[in-house]
Amino acid sequence: MNTSTPENIQLQKTEATRYAFLLDWGTRVGLVVLVFGFAAYVFGIITPFVPLDQLPQLWSQPVAVYLQKTGTPTGWGWLALAGKGDMFNLVGIALLAGCSMPALLGLIPLYVQRRDYTYAGICALIVLVLVLAASGILSGGH
């Protein structure tokens, strides 16, 4: 079967263009949020969760001691503190880490429209795996 017909090439261009567009915007938004968060933290626009004067003593501690002394939550608990200067940068990191999900979700309607349910299912499964990985459900006891 010849897959390089003009129609197939156009479909592939449409898919690649949509994926690239959504991925490009996701990375741009993530990067802007990351830079804004860092600047807001450095210039004191957003108050940090852990005061700057305590950091030198805390950095030398093991992670468990740092978490206990500062009350910093683990896992997705940082979301409750996203408004703090030293935690806001995690919003940008999360956006960058997850920017492939909207791009993959954007492909599913294209695949369904042309009745290519295998590729639509693969995209949906990849998104499901990413969501499960991010959720921590499959952490293996860590």
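**Salt bridges and a nonpolar core**

Trainee: Let's start with D24: is this residue buried, exposed or partly exposed?

Mentor: Happy to. The model is predicted, so local features need pLDDT of at least 70 and side-chain atom pairs count only at pLDDT 80 or more, while totals for chains, interfaces and linings use all residues. Residues are numbered from 1 along each chain as its sequence is written, and side-chain values use heavy atoms, without hydrogens and water. Buried means under 20% relative accessible area, exposed over 50% and partly exposed in between (1.4 Å probe, protein chains only), and D24 has a relative accessible area of 30%, so D24 is partly exposed.

Trainee: Which residue meets D24 in a salt bridge?

Mentor: A salt bridge needs a side-chain nitrogen of Lys or Arg within 4 Å of a carboxyl oxygen of Asp or Glu. The partner of D24 lies four residues away in helix α1, so about one helical turn separates the two. The partner is itself partly exposed, at 45% relative accessible area. With 2.9 Å from N to O, the residue that meets D24 is R28.

Trainee: How many residues apart are R114 and E15?

Mentor: Their side chains form a salt bridge with 2.2 Å from N to O. Helices here are DSSP runs (H or I, at least four residues; strands are E, at least two), numbered from the N terminus. E15 belongs to helix α1 (residues 6-42), whereas R114 is in the loop between α5 (100-113) and α6 (117-135), so the pair links distant parts of the chain. The separation is 99 residues.

Trainee: Which residues are joined into one network by salt bridges that share partners?

Mentor: R114, partly exposed at 30% relative accessibility, also meets D116 in a salt bridge of 3.1 Å, N to O. D116 counts as buried because its relative accessible area is 17%, and E15 is buried too, at 10%. Shared partners therefore give one network: E15, R114 and D116.

Trainee: Which element gives the largest share of the largest nonpolar core?

Mentor: A nonpolar core is a set of buried Ala, Val, Leu, Ile, Met, Phe, Trp, Tyr and Cys residues joined through side-chain atoms within 4.5 Å. The largest has eight residues: L104, L107, I108, L110, Y111, A120, C123 and V127. Two or more residues come from each of α5 and α6. The largest share, five residues, comes from α5.

Trainee: And which residues does C123 touch?

Mentor: Contact means heavy atoms within 4.5 Å. Leaving out residues up to four places away in sequence, C123 touches L104, L107, I108 and Y111.
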